[in-house]
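Grab a coffee and load the coordinates in your favourite viewer. Try each exercise yourself before peeking at the solution.

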Amino acid sequence: MKEEVAKVLERIRPILQKDGGDVELVDVNEKGVVVVRLQGACSGCPGASTTLKMVIENLLVKEVEGVTQVVGI
């Protein structure tokens with residue numbers, strides 16, 4: 001599952017980089033929880049939680065079977 005998650009994040013990454021940010025995949029656990037770290041402009045952005053849930057989590061849950069949640073650290 002981790003490889004599939006990484007592939008989807010690669011598709012999201014250019015959108016974040018366009019605004020000076022990025023995303024790093026930290027872990028995927030056995031319960032389907034994906035742990036990511038927002039970087040660059042995204043790490044301090046007031047909209048980071050929205051990006052995390054509405055963009056990254058929605059896409060991963062939709063496209064990668066078994067993903068249940070995305071958590072940022």
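Here are five exercises with worked solutions, all on a predicted model.

**Exercise 1. Work out how the strands are ordered in the sheet and which of them stand at the edges.**

Step 1: start with the order. The three strands line up as E1-E2-E3 in an open sheet, with mixed pairing.

Step 2: look for strands with a single partner. E1 and E3 (69-72) each have just one partner strand, so each is left with a side that has no neighbour in the sheet.

Step 3: add the twist, which averages 35 degrees from one strand to the next.

**Exercise 2. Take the sheet apart pair by pair: what is the sense of each pairing, and how many bridges hold it?**

Step 1: take E1 and E2. Their pairing is antiparallel and spans seven bridges. Two opposite pairs to find on screen are Glu24 with Arg37 of E2 and Val28 with Val34 of E2.

Step 2: check the connection. E1 and E2 make a hairpin with four residues in between, and Gly32 in the turn has a positive phi of about 85 degrees.

Step 3: move on to E2 and E3. These two run parallel and are joined by four bridges. Here Val36 sits opposite Gly72 in E3.

Step 4: ask what goes with the parallel pair. E2, H2 and E3 together form a β-α-β unit, and its hand is right-handed.

**Exercise 3. Place the helices against the sheet, then find which residues touch the most other members of the largest nonpolar core.**

Step 1: H1 lies across E1 and E2, at about 165 degrees to E1. H2 also packs on the sheet, where it touches E1, E2 and E3, and its direction is at about 150 degrees to that of E3.

Step 2: go to the core. It has 18 residues, and the ones touching the most other members are Val5, Leu9, Val34, Ile56 and Leu60.

Step 3: trace where the core comes from. Two or more residues each come from helix H1 (2-18), strand E1 (21-28), strand E2 (33-40) and helix H2 (48-63). H1 gives the largest share, with five residues.

Step 4: zoom in on one member. Skipping residues up to four places away in sequence, Leu9 touches Val23, Leu25, Val36, Ile56 and Leu60.

**Exercise 4. Explain why Cys42 and Cys45 don't form a disulfide.**

Step 1: recall that a disulfide is a covalent bond between the sulfur atoms of two cysteines.

Step 2: set the cut-off, which is 2.5 Å between the sulfurs.

Step 3: compare. The cysteine sulfur closest to that of Cys42 is in Cys45, 6.5 Å away, so the two are too far apart for a bond. The disulfide count is therefore zero.

Step 4: check the surroundings too. Cys42 is buried at 10% relative accessible area, while Cys45 is partly exposed at 35%.

**Exercise 5. Classify Glu57 and Gly44: is each one buried or exposed?**

Step 1: the cut-offs are under 20% relative accessible area for buried and over 50% for exposed.

Step 2: Glu57, in helix H2, has 15% relative accessible area, so it counts as buried. Setting aside neighbours within four places in sequence, Glu57 contacts Leu52, Gln69 and Val70.

Step 3: Gly44 is in the loop between E2 and H2. Its relative accessibility is 65%, so Gly44 is exposed. For a distance check, the C-alpha atoms of Gly44 and Gly21 are 9.6 Å apart, with 23 residues separating the two along the chain.

Key:
Residues numbered from 1 in each chain as written. Predicted model: local features only at pLDDT ≥ 70, side-chain atom pairs only at ≥ 80, totals over all residues. Heavy atoms only, no water. Buried < 20%, exposed > 50% of the residue type's maximum accessible area, 1.4 Å probe, protein only. Core = buried A, V, L, I, M, F, W, Y, C linked by side-chain atoms within 4.5 Å. Contact = heavy atoms within 4.5 Å. Pairing = 2+ DSSP bridges. Axes fitted to C-alpha atoms, helices over the stretch in contact; angles between N-to-C directions. Right-handed = clockwise from strand over helix to strand, strands pointing away.
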